[in-house]
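Colleague: Could you take me through one part of this model in detail, namely the helix in which the predictor has the highest confidence, together with its ends and its partners? I would like a connected account rather than a list.

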Amino acid sequence: EFDMNKKKELTLSARLYLSFACVIAIMLSIAFYSIYKVDFLNESLNQATNVNAVISRQAINFRGSVHDRSILIRDAIMIQNDKADLENTLDTIKKLEDDYNKADVEFKKFIENNILNSEEIAMYQKIDDTRKLTVSTYAKIIDFVKNGDNQSANELALKEVRPQFIQWLADINKIIDYEEAQNQKLTQIAISESTAFISIMVIF
């Protein structure tokens with residue numbers, strides 16, 4: 001009878017130890033799972049706010065500069081016998097070029113630091129190719145205007161620089177739309193993952 005009681009005590013102790021071990025294992029599993037999910041959500045948030053949003057912001061800076069220059073080039077052609085107004089317009093165009101270049105420096109940093117993916121790099125390259133073409137064209141228009149040949153400037157604006165500006169803006173809008181779509185995807189994934197995480201925490 002003593003041996004039977006001792007065996008029962010051992011069996012009970014073993015069960016208690018096993019139960020305790022199971023509880024510890026479950027707690028550790030939940031802890032590791034929680035760390036994984038928090039890291040994932042943190043990475044998603046970082047990608048959305050510190051990468052995609054920053055890229056989009058620089059592209060929006062591009063767009064503002066290009067849009068305003070397209071208007072000012074047209075204004076420069078229309079200016080008649082007002083040297084001060086023309087100089088002020090050309091100075092503003094130069095300032096907008098400087099603003100664009102500042103944003104472009106940030107984009108080049110993204111590439112140097114391997115932040116952009118292959119699609120984003122391709123879109124940036126397209127933007128830059130269109131930029132070079134458009135700037136070269138409107139530089140000729142400015143030369144025509146400075147020399148008083150507004151008719152040639154207007155013809156070049158209608159035939160070449162106008163469609164080039166339209167294409168330039170379209171190229172910029174493409175990367176802005178892309179970054180917005182990427183953020184929407186990340187948001188949906190983050191919501192889905194956080195919902196699943198909360199459900200598991202409630203269960204346990």
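Modeller: A residue is called exposed when over 50% of its relative accessible area remains, buried when that value is under 20%, and partly exposed in between. By that cut-off asparagine 81, with a relative accessible area of 82%, is exposed; this residue sits in the loop between H1 and H2, and its phi is near 55°, a positive value in a residue other than glycine.

Please keep in mind that this is a predicted model. The mean pLDDT of the protein chain is 84, with 78% of the residues reaching 70 or more. Confidence is lowest in helix H1, residues 2–78, where the mean is 76, and highest in H3, where the mean is 96. H3 is therefore the part I will describe at most length, its confidence being the highest in the chain.

Helix H3 runs over residues 118–146, and its 29 residues reach 42 Å from the first C-alpha to the last, close to the 42 Å expected at 1.5 Å a residue. The approach to this helix is the loop between H2 and H3, where asparagine 114 is placed. Asparagine 114 comes just after H2 and has a positive phi of about 60° although it is not a glycine. Most residues other than glycine have a negative phi. With a relative accessible area of 69%, asparagine 114 is exposed.

At the N-terminal end of H3, asparagine 117 acts as the cap, with a side-chain oxygen lying 3.0 Å from the backbone nitrogen of glutamate 119. Glutamate 119 itself belongs to H3 and is partly exposed, at a relative accessible area of 48%. In space, the C-alpha of glutamate 119 is 9.1 Å from that of isoleucine 175, although the two residues are 56 apart in sequence.

Further along, the side chains of lysine 126 and aspartate 171 meet in a salt bridge, with 3.2 Å from N to O. Because lysine 126 lies in helix H3 and aspartate 171 in helix H4, this pair ties together parts that are 45 residues apart in sequence. The two partners stand in unlike surroundings: lysine 126 counts as partly exposed at 40% relative accessibility, whereas aspartate 171, at 7%, counts as buried. Side chains of opposite charge can pair when their charged atoms come close.

A second salt bridge to consider joins lysine 132 to aspartate 128, the closest N and O atoms being 3.7 Å apart. Here both residues lie in H3, four residues apart, which is about one turn of the helix. An α-helix has 3.6 residues a turn, so residues three or four places apart point the same way. Lysine 132 is partly exposed, with a relative accessible area of 47%, while aspartate 128 is buried, at 8%. Salt bridges that share partners join Asp128, Arg131 and Lys132 into one network. The whole structure holds eight salt bridges by the search that was made.

For a parallel case in another helix, one can turn to H2, residues 83–112, where aspartate 99 forms a salt bridge with lysine 95 and the closest N and O atoms are 3.2 Å apart. These two residues also lie four apart within one helix, about one turn. Aspartate 99 counts as partly exposed, at 30% relative accessibility, and lysine 95 is exposed, at 51%. The 30 residues of H2 should span 44 Å at 1.5 Å a residue, and the end C-alpha atoms are 43 Å apart, which agrees. Among the buried residues of H2 are Leu86, Leu90, Ile93, Tyr100 and Phe107.

At the far end of H3, glycine 148 follows just after the helix and takes a positive phi of about 80°. Helix H4, residues 150–203, contains alanine 153, which is buried with a relative accessible area of 0%. Alanine 153 and aspartate 143 are ten residues apart in sequence, with their C-alpha atoms 8.3 Å apart in space.

Technical notes: Residues numbered from 1 in each chain as written. Heavy atoms only, no water. Expected span 1.5 Å × (residues − 1). Polar contact = N/O pair within 3.5 Å; in protein donor to acceptor, adjacent residues only side chain to side chain. pLDDT = per-residue confidence, 0-100. Buried < 20%, exposed > 50% of the residue type's maximum accessible area, 1.4 Å probe, protein only. Salt bridge = Lys/Arg side-chain N within 4 Å of Asp/Glu carboxyl O.
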